[in-house]
Amino acid sequence: MTIKSLVQPRFQQLKLLRAVTIGLAISFAAPAFADSLPEVQRLIKQGQYPQAMEKVDAYLSSRPKDAQGRFLKGLIYTEMNKPNEAIGVFTRLSEDYPELPEPYNNLAVLYAQQRQYDKARTALEMAIRTHPSYAIAYENLGDVYAKLASQAYDKALQLDNSNATTQNKLALIRDLITTSGKANVKPTAPAAAPAVATAPAPVKVAEAKPAAAPSASVVSTTPGAATPAAPAPVAAPAPVAKVVEAKPAAEPAPKADAASDEVGRAIQAWANAWERKDMKAYLGAYAADFRTPKGMSRKDWEAERTKRIAGKGGKISVEIEALQTTINGDSATAKFRQHYKAPGLSSSATKTVTLVKAGNRWLIKEENAR
Amino acid sequence: MPGRRSLILGLAFCLAGVPLIYRLLSPGEDSPQQAALAPGQAGAAAAALPATVSDSGPETQLLRIFNEIEANRLSDALQLTETLLRQYPNYRLAHLIKGDLLLARARPIESFGALSDAPADKVADLRAEAIVRLKAYRERPEDKFVPRYLLQMQPDQRFAVVVDTQRSRLYLYANDQANGGRPRFVADYYVTQGKLGADKYVEGDKKTPIGVYHVTANLPRQKLADLYGSGAFPINYPNEWDRQQGRGGSGIWLHGTPSNTFARPPRASDGCVVLTNQDLDAVAKNLQVGVTPVIISPSVEWLSLDDWAKERDELNATIDAWRRDWESRDTDRYLKHYSPRFKAGSQDLAAFAEQKRQVNASKEWIKVATDNLSVFRHPGKDEVVVVTFEQDYRSNNLNNRMKKRQYWQRENGKWKIIYEGSA
């Protein structure tokens with residue numbers, strides 16, 4: 001993560017946790033209710049929040065202490081844009097289950113949304129204290145530190161960011177809604193996740209999408225998505241090759257030529273290598289002069305990636321969604337949403353990848369998550 | 001010059017590099033936050049570091065912060081910075097350090113004010129403030145040395161203010177009557193001088209005057225614009241000496257700081273000497289309107305107490321010789337104390353001499369007393385002292401009391417009067 005300018009921060013969105021993964025399995029639901037929470041989750045995914053709330057309240061009425069149920073309730077409030085209620089739920093949850101990092105993490109996301117970065121920081125530091133290896137919290141904390149730094153610099157240097165900050169704030173909120181909207185649609189994928197390269201699943205998703213009306217409308221208001229007026233989102237989670245095919249059909253300027261096709265394939269190949277934990281292919285997707293994050297040495301970076309990919313137990317799934325490519329001679333920019341799933345960790349982020357053409361291959365020169 | 005000594009020479013500049021470059025500010029090898037915040041460390045550190053608060057300004061805390069940074073204990077440094085900010089919420093320098101320390105958790109940073117696109121002038125201002133504050137803190141005046149300027153204070157001058165513009169420092173000295181009126185160090189404070197430095201010459205040159213002044217008024221906060229902060233004390237620039245040298249401008253004050261910031265950069269005023277509000281309030285308690293001297297120097301000279309006593313005795317003897325020679329009615333002997341360059345208003349030495357001869361001719365006896373004498377050395381290369389006293393003149397046909405001020409300059413080894421007038 002490189003932060004070029006904090007004066008106009010590129011707001012990286014904090015990752016909201018959508019599932020309690022650690023420890024909560026302990027609080028097993030009684031068999032009679034066994035299907036209740038998955039039902040709630042399904043409703044959340046479909047954006048049917050009032051129904052989801054009804055279900056989860058019913059579930060909680062007989063087991064008011066249940067962590068999983070309360071967590072979902074907090075999540076529903078978040079989705080319904082009721083941050084104060086959500087904060088209340090997550091706060092009490094973190095008091096009752098201080099060992100769980102997830103409620104802290106989500107509290108932090110909500111606080112950050114309200115620009116209460118000090119509180120967000122405290123919450124994330126708590127999450128990390130309970131789980132020192134908790135990657136999402138670290139990632140979020142990095143963003144919060146950057147925000148706090150930006151605020152401190154504003155005060156130190158009297159930078160007049162009042163306008164910019166307001167805009168950023170709005171953007172952040174939209175981003176969060178967008179994220180949740182998309183992610184809600186998306187989780188259909190996990191079931192079909194392994195079959196990224198195969199076609200059938202995406203169709204279903206594409207159908208599901210219009211149903212999730214709120215997310216679609218919000219997407220259009222996202223600054224990034226609005227400007228290029230690209231028809232890309234339509235083809236959202238489909239494999240890359242499909243996107244490229246879809247583009248001409250979606251009319252206006254089919255600038256999508258062979259090059260963007262190639263770039264799309266390069267990105268997909270990179271994601272596939274990541275999933276297979278094929279380090280040779282994965283690292284080979286990066287240009288020799290790839291800008292490593294934080295300016296670390298190439299060697300260290302490769303070691304770190306290898307540790308985190310090949311060294312990880314369990315299955316990794318990397319899904320590319322809503323890919324947009326811009327070709328400019330021998331350089332290209334690919335923007336997409338990346339849904340990453342591994343045991344104990346799932347995240348969605350918007351990625352911007354800069355590629356350069358080396359011979360007949362497109363290689364990654366720079367990689368940024370937002 | 002024997003006995004003359006600058007404190008700067010004795011103390012190495014070992015520190016100057018620290019605020020300029022954080023050599024070690026980089027997150028560790030692994031995840032940045034992991035390095036900066038090892039599990040449990042935040043809590044442990046909170047317990048380990050008491051939030052000490054100094055009443056002598058932020059220098060102590062700044063020094064601790066930079067020491068922590070140098071030792072790459074960034075969490076401790078951040079914690080200390082946050083403590084400092086709780087004490088001074090508008091402290092821009094502390095906000096900048098905080099920004100750096102937070103940013104350092106996200107990526108390695110190399111320089112003070114690491115924000116890219118940071119306005120360079122503002123960062124430079126804050127860096128300059130950090131340097132002068134830390135330097136002044138490490139190089140506090142020693143007990144055995146006193147500012148050369150404070151040769152003799154009047155008994156009723158309880159305190160004297162000495163400003164060093166290059167060091168952005170104001171020193172407050174007490175008139176230690178119990179020790180023969182020797183200056184005793186009380187406290188020192190960070191100050192802001194003119195945007196374009198010192199040695200004011202004309203109106204609007206944005207410079208701070210150099211010279212021997214005194215406080216002429218006390219303007220309370222209620223009567224002032226926010227810019228002047230918690231109060232203001234005008235000084236008598238331009239004084240008679242300044243005017244004689246053709247210096248102009250006006251409205252040079254000691255004053256406080258506007259509410260939107262804790263401190264201003266070392267060079268920021270239009271010529272005034274600016275203190276933080278808390279420092280102004282502390283100094284204000286000791287200022288006597290019309291009495292307290294304010295001596296502004298580009299670079300304070302320090303004398304050992306022995307050398308100081310020698311210089312003071314020499315001048316007192318010289319002034320007393322002038323007084324006795326006046327009483328002797330030997331006008332030539334008396335006039336030997338005056339420089340050929342002597343001027344008082346439009347009167348030159350010849351006119352002055354003729355007048356004195358005429359007056360003295362009618363005298364059968366003269367008695368002169370110099371009460372409430374003060375002797376302040378004028379800052380600068382020329383050897384000039386400012387002598388002020390209440391002159392009690394008695395003679396067979398005239399008695400007169402007046403407050404008189406003289407400027408004496410050493411010419412060819414001898415002190416001569418170059419200006420004289422009522423004060």
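Two strands are said to pair if DSSP finds at least two bridges between them, and in this predicted model that rule is met by β19(B) and strand β20 (residues 399-411) of chain B, which run antiparallel and are joined by eleven bridges. Within this pair, B:Val385 stands opposite B:Trp408 in β20(B), and the chain passes from β19(B) to β20(B) through a hairpin of three residues. Strands of a sheet pair through backbone hydrogen bonds, either parallel or antiparallel.

If we follow the chain onward, β20(B) is also paired with β21(B), again in the antiparallel sense, over eight bridges. In β21(B), B:Ser422 is the bridge partner of B:Lys404. These two strands form a hairpin as well, with two residues between them, and B:Asn412 in the turn has a positive phi of about 50 degrees.

We can now step back to the whole sheet, which is open and contains seven strands of chain B in the order β3-β18-β19-β20-β21-β16-β17, with mixed pairing. Because β3 (150-152) and β17 (347-348) of chain B stand at the edges and have a single partner strand each, one side of each is left without a neighbour in the sheet. The partner of β17(B) is strand β16 (residues 338-344) of chain B, and the two pair in the antiparallel sense over two bridges; here B:Asp348 of β17(B) is the bridge partner of B:Lys343.

A helix accompanies this sheet: α11 (residues 305-327) of chain B lies across β3, β18 (366-377), β19 (384-395) and β21 (414-422) of chain B, and α11 runs at about 155 degrees to β18(B).

Another helix of chain B, α6 (residues 74-87), lets us check a length by simple reasoning. At 1.5 Å a residue, its 14 residues should span 20 Å, and since the end C-alpha atoms are 20 Å apart, the model agrees with that expectation. Many residues of this helix are listed as buried, including B:Leu74, B:Ala77, B:Leu78, B:Leu80 and B:Leu84, together with polar ones such as B:Ser75, B:Asp76, B:Gln79 and B:Thr81.

Finally, we turn to the interior. In soluble globular proteins, nonpolar side chains tend to be buried together. The largest nonpolar core in this model has 143 residues, and A:Ala108, A:Leu124 and B:Val162 have the most contacts inside it. To this core helix α7 (residues 135-157) of chain A gives the most, with 13 residues. Apart from it lies another core, of 21 residues, among them A:Ala266, A:Ile309, A:Val318 and A:Ala322.

Technical notes: Residues are numbered from 1 along each chain as its sequence is written. Chains are lettered from A and ligands numbered from 1 in the order in which they are written. This is a predicted model: local features need pLDDT of at least 70, side-chain atom pairs count only at pLDDT 80 or more; totals for chains, interfaces and linings use all residues. A nonpolar core is a set of buried Ala, Val, Leu, Ile, Met, Phe, Trp, Tyr and Cys residues joined through C-beta atoms within 7 Å. A residue is buried if 20 or more other C-beta atoms lie within 10 Å of its own, exposed if 12 or fewer, and partly exposed in between; C-beta atoms are placed from the backbone. Helices (H or I, at least four residues) and strands (E, at least two) are DSSP runs, numbered from the N terminus. The expected span of a helix is 1.5 Å times one less than its number of residues. Two residues are in contact if their C-beta atoms, placed from the backbone, lie within 7 Å. Axes are lines fitted to C-alpha atoms, for helices over the stretch in contact, and angles run from 0 to 180 degrees between N-to-C directions.
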